[in-house]
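Here are my notes on the model, point by point. Have the structure open while you read.

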Amino acid sequence: MSLFDLKDKVAIVTGSSRGIGRSIAHQLAKAGAKVVVSSRKLDACEKVVEEIRAAGGQAMAIAASISSKEQLQALVDQTRSAWGPIDILVCNAATNPYYGPTTGMSDEVFDKVMRNNVLSNTWLCTMVYPDMKAKKDGAIVIVSSIGGLHGSAVIGAYNVSKAADMQLARNLAVEWGPDNIRINCIAPGLIKTDFAKALHEDPVLSAKYNNETPLRRMGEPDDIGGVAVFLASPAGRYVTGQTVVADGGMMIR
Ligand SMILES: NC(=O)c1ccc[n+]([C@@H]2O[C@H](COP(=O)([O-])OP(=O)(O)OC[C@H]3O[C@@H](n4cnc5c(N)ncnc54)[C@H](OP(=O)(O)O)[C@@H]3O)[C@@H](O)[C@H]2O)c1
């Protein structure tokens, strides 16, 4: 058996209609998992499901906003009734509604960032926990960011939330380790998606970024999908509570 085999594992990936989540959904399906593609827009998720099926994988689409606990509960419940207990959860969707100094940030913005990027991940993890505990097996991957590892004058709240995700993974890894449930984060560097369009579409900023990155390029969504497969699969079975940085070497330069 391949160390990366996920045959018939049931996986939920939030924010998988595009970008990093879409790549993770594709890669998990290629490894054999049955993947629930989720975002706020069902039609966009259905397209990814069609791509996965066309490539020979198994997938279905369920719409849910990470802002709504009820919708996330419905996402978990519908997955369970269609395919049974959940083996893999990837908390990928996140929000970054504010760009500017902390002094100009409203309480509402801070609350929204923390709710969408940290509390919603906590909800999802606790919703799938009973399935994983019963099986004494499970893997949770939270998509954090290298923003959680350094300071920022303009995306401060987002970075607080991404650092909190790393701590959430450590806490749950300690709490649920005895149930053989592993919780890890991925901290991507700059990846060419809609989320980071303002940066990667600016020729001056992108040239500077490429020049400063040891691998001399920005990331592509597929640079992250494989990391998620590693963390979700038997290859990563002794890895828990960690943050795997995938940033072309930006943080160690
Ligand atoms: N791109 C980067 O440079 C970078 C770097 C470090 C970390 N990250 C992290 O990587 C993750 C994915 O980012 P990305 O770059 O792939 O973004 P993206 O291309 O903009 O995709 C975001 C995905 O999340 C969904 N989404 C957005 N808001 C949502 C909500 N409220 N509820 C449910 N789904 C929602 C979107 O679909 P709908 O609009 O249909 O809901 C879409 O599927 C995020 O956690 C981000 O913080 C990104």
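**Notes on the ligand site, the cores and a few residues**

1. Starting with the ligand: a polar side-chain atom of R18 sits 3.3 Å from one of the ligand's oxygen atoms. Two backbone contacts go with it: a backbone N or O atom of N92 is 2.6 Å from a ligand oxygen, and a backbone N or O atom of I191 is 2.8 Å from a ligand oxygen. On its own the ligand has 880 Å² of accessible area, and the protein covers 95% of that. (Polar contacts here are pairs of N or O atoms within 3.5 Å; within protein, one must be able to donate a hydrogen and the other to accept it, and residues adjacent in sequence count only if both atoms are side-chain atoms. Accessible areas come from the Shrake-Rupley method with a 1.4 Å probe, and for residues only the protein chains shown count as cover.)

2. Before going further, some ground rules. This is a predicted model, where local features need pLDDT of at least 70 and side-chain atom pairs count only at pLDDT 80 or more, while totals for chains, interfaces and linings use all residues. Residues are numbered from 1 along each chain as its sequence is written, and side-chain values use heavy atoms, with hydrogens and water left out.

3. How many residues surround the ligand? The shell has 28, and the closest are S17, R40, N92, Y158 and T193; a residue is in the shell if one of its heavy atoms lies within 4 Å of the ligand. By class, that shell splits into 12 nonpolar, 11 polar and 5 charged residues. (Ala, Val, Leu, Ile, Met, Phe, Trp, Tyr, Cys and Pro count as nonpolar, Asp, Glu, Lys and Arg as charged, and the others, Gly among them, as polar.) Helices α1 (19–30) and α5 (156–176) each contribute at least two shell residues. Helices (H or I, at least four residues) and strands (E, at least two) are DSSP runs, numbered from the N terminus.

4. Now the inside. The largest nonpolar core has 38 residues, and L72, L75, L89, I140, W176 and I183 make the most contacts inside it. At least two residues of this core come from each of β1 (10–14), α3 (69–83), β4 (88–91), α4 (107–135), β5 (138–143), α5 and β6 (181–188). The largest share, 7 residues, is supplied by α4. (A nonpolar core is a set of buried Ala, Val, Leu, Ile, Met, Phe, Trp, Tyr and Cys residues joined through side-chain atoms within 4.5 Å; buried means under 20% relative accessible area, exposed over 50%, and partly exposed in between, with a 1.4 Å probe and protein chains only.)

5. Take I140 as a way into that core. Leaving out neighbours within four places in sequence, I140 is in contact (heavy atoms within 4.5 Å) with L89, C125, V128, M132, W176, I181, R182, I183 and N184. Another core, of 32 residues, lies apart from the largest one; V48, A61, A139 and A246 are among its members.

6. Is V118, in helix α4, buried or exposed? V118 counts as buried because its relative accessibility is 13%. Beyond residues up to four places away in sequence, V118 touches V113, S161, A164, D165 and L168.

7. S65 and Q71 are best read together. S65 is in the loop between β3 (58–61) and α3, and is buried at 14% relative accessible area. The S65 side chain reaches the backbone nitrogen of S67 at 3.1 Å. Not counting residues up to four places away in sequence, S65 touches R40, Q71 and L72. Q71 itself is in helix α3 and is partly exposed, at 38%; with the same sequence neighbours left out, Q71 touches A64 and S65.

8. Two backbones to look at: D8 and N180 have positive phi without being glycines, near 65° for D8 and about 60° for N180. D8 belongs to the segment before β1 and is partly exposed at 42%. N180 is in the loop between α5 and β6, and its 37% relative accessible area makes N180 partly exposed as well.

9. Last, G177, which is also in the loop between α5 and β6. G177 is partly exposed, at 34%. Although 63 residues separate G177 from T240 in sequence, their C-alpha atoms are 8.0 Å apart.
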